[in-house]
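Work through the exercises below with the coordinates open. Try each task before reading its solution.

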Amino acid sequence: MSQFGVVEPVLRIVPVGGIDLAIWEWPGDGEPLVFAHATGFHARCWDAVIRRMPGRRAIAIDLRGHGRSAKPDPPYPWPAFGRDVAGIADLLGIHSAIGIGHSMGGHSIVSSALQRPGTYRALFLIDPTIFPDDRYGANPFDSSFILRRRRYWESPAAMYEKFSTRPPFDQWSPEVLHDYCEYGLLPAGGEFELACPPAVEASIYPLSVAPESNLHPALSSFTEPVVVVRGGIPWSPDRFDLSSSPTDPELASLFPQGRDVLLTGRSHFIPMEIPEWVAEEIAKLATSGRTAPRDAPARP
C-alpha cells in the first residue's frame with residue numbers, strides 16, 4: 001500500500017482485436033475511471049494521479065505498442081487505439097465511466113466513446129491530440145528524430161538520473177518521472193529496453209494527421225460533459241515540438257457540453273507537471289460532472 005493509502009494495481013493481459021493488451025486495475029468503489037496515456041508513454045504514468053484518489057476503481061491501459069502490451073510491426077493507425085479502448089471497455093463491461101486521456105490517449109478515449117456509446121458519462125481530456133479540422137490530410141510530421149532515442153539502459157535508476165536534469169523532464173514531478181522510468185523499461189537480457197520501441201513511437205506521429213484520424217465529424221454526437229484542458233504553449237505546424245499543445249483551440253465548443261480550460265504557462269505534459277491538480281479536477285468531475293475547474297498552480 002502506498003503513502004496515499006492506495007493498493008497496488010493488478011496487471012491483466014487481455015486479448016482485444018487479435019492482440020494482447022495490458023491493463024492495470026486498482027480495485028475500488030464508484031464508477032470506473034478509465035485512463036489512456038500519450039504516445040511513447042505507458043499506463044503507470046497515471047500512478048501519481050490515481051494515488052491521490054484512494055478508494056476509486058481505476059483502469060489504466062497500456063495502449064498497443066506500449067508498456068506490457070503487444071508490439072506489432074508498424075503501421076499504427078490511430079483508429080486502432082480507439083478500437084482497443086472500446087474493446088477493453090466491452091470486455092470488462094464498463095458503462096457510465098469517467099474517461100481520462102492525455103495527448104494520443106485523449107484522442108483514443110474520444111474515439112472509443114464514439115465507437116461504443118454509453119461507455120462514459122463524462123470525459124476529462126488533457127491536451128488531446130485532436131487537431132483543427134483542416135490539419136487532417138496535410139503533410140505528416142517528420143518524427144525521424146525519435147529513432148535516435150536511446151533504446152537500452154542499465155537500469156531505471158540510471159534513466160531517472162539522466163532525465164531528471166534534462167528538459168522537459170526537469171519540469172516533471174519527481175514522483176511521475178520515477179514511475180515513467182520504473183515502468184517504461186522492460187528487462188532485456190542483462191539490461192533494460194524501452195517499453196515503447198523508438199521505431200513504434202516514430203511510426204505513430206505521422207498518422208496523427210491521416211484523414212481517418214479525424215474525429216471532428218462525429219464529436220457533436222457525444223452529449224455528456226467534456227472538460228478539455230489545454231497547455232499554454234501554442235502549436236506551430238512548422239515545428240514538431242512535443243511540449244506544445246496539439247489541441248484544436250475550438251475543440252470544447254464542438255461538444256454539446258464541452259468546457260475549455262487553458263493552463264497558461266504549462267506545457268503539453270500537464271499530468272506529469274501537476275498530477276495533484278489533475279487528480280483534484282477528475283475527482284470533482286466524478287462527483288458532479290458540473291464543477292468548473294479552478295486555476296492550476298503556477299509553474300515554480
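The exercises cover strand pairing, salt bridges, burial, contacts and pockets.

This is a predicted model, in which local features need pLDDT of at least 70, side-chain atom pairs count only at pLDDT 80 or more, and totals for chains, interfaces and linings use all residues. Residues are numbered from 1 along each chain as its sequence is written, and side-chain values use heavy atoms, with hydrogens and water left out.

**Exercise 1. A hairpin**

Task: Describe how β1 and β2 pair, and find the bridge partner of R12.

Solution:
- Start with the elements. Strands (E, at least two residues) and helices (H or I, at least four) are DSSP runs, numbered from the N terminus.
- Apply the pairing rule: two strands pair if DSSP finds at least two bridges between them.
- Strand β1 covers residues 10–16 and strand β2 residues 19–26; seven bridges join them, and they run antiparallel.
- R12 is bridged to I23 in β2.
- Check the turn. Two residues lie between the strands of this hairpin, and G17 there has a positive phi of about 60°.

**Exercise 2. A three-stranded sheet**

Task: Give the strand order of the open sheet that contains β7, β8 and β9, and say which strands stand at the edges.

Solution:
- The order is β7-β9-β8, with antiparallel pairing.
- β7 (152–153) and β8 (185–188) are the edge strands; each has a single partner strand, so one side of each lacks a neighbour in the sheet.
- β7 is joined to β9 (residues 191–194) by two bridges.
- Across that pairing, W153 stands opposite F192.

**Exercise 3. Salt bridges across the sequence**

Task: Count the salt bridges, then place three of them by element.

Solution:
- Recall the background: side chains of opposite charge can pair when their charged atoms come close.
- Set the criterion. A salt bridge is a side-chain nitrogen of Lys or Arg within 4 Å of a carboxyl oxygen of Asp or Glu.
- The count is 17.
- Take R121 and E31, which meet at 2.8 Å, N to O. R121 is in strand β6 (residues 120–126) and E31 in strand β3 (residues 29–36), 90 residues apart.
- Next come R52 and E175, whose closest N and O atoms are 3.0 Å apart. R52 sits in the loop between α1 (47–50) and β4 (56–62) and E175 in helix α5 (residues 174–183), so the pair ties together parts 123 residues apart in sequence.
- Both residues also belong to a salt-bridge network that links E8, R44, D47, R51, R52, E175 and D179.
- Last, D260 and R230 meet at 2.7 Å, N to O. D260 lies in β11 and R230 in β10, so this pair ties together parts 30 residues apart in sequence.

**Exercise 4. Buried or exposed?**

Task: Classify R52, D260, R230, H107 and D238 by relative accessible area.

Solution:
- Use the cut-offs: buried is under 20%, exposed over 50%, and partly exposed in between (1.4 Å probe, protein chains only).
- R52 has 28%, so R52 is partly exposed.
- D260 has 35%, so D260 is partly exposed. Its salt-bridge partner R230 has 12% and is therefore buried.
- H107 has 1%, so H107 is buried.
- D238 has 74%, so D238 is exposed. D238 is in the loop between β10 (226–231) and β11 (258–263).

**Exercise 5. Contacts**

Task: List what H107 and N214 touch, leaving aside residues up to four places away in sequence.

Solution:
- Contact means heavy atoms within 4.5 Å.
- H107 is in helix α3 (residues 104–115). Its contacts are W78, P128, T129, I130, S213 and L215.
- N214 is in the loop between α6 (198–204) and β10. Its contacts are D133 and Y136.
- Compare sequence and space: N214 and Y136 are 78 residues apart along the chain, with C-alpha atoms 6.3 Å apart.

**Exercise 6. The largest pocket**

Task: Report the volume of the largest pocket and the make-up of its lining.

Solution:
- The volume is about 660 Å³.
- Among the 38 lining residues, F41, R149, E201, Y205 and L242 are closest to the centre.- A pocket, on a 1 Å grid over the protein atoms alone, is an open set of points where a 1.4 Å probe fits, with protein on both sides within 12 Å along at least five of seven lines; lining residues have an atom within 4 Å of a point.
- Grid points are joined across faces, edges and corners, and the volume is the space filled by probe spheres set on the points.
- By class, the lining has 22 nonpolar (Ala, Val, Leu, Ile, Met, Phe, Trp, Tyr, Cys, Pro), six charged (Asp, Glu, Lys, Arg) and 10 polar residues (the others, Gly among them).
- Helix α4 (residues 156–163) gives the most to this lining, with three residues.
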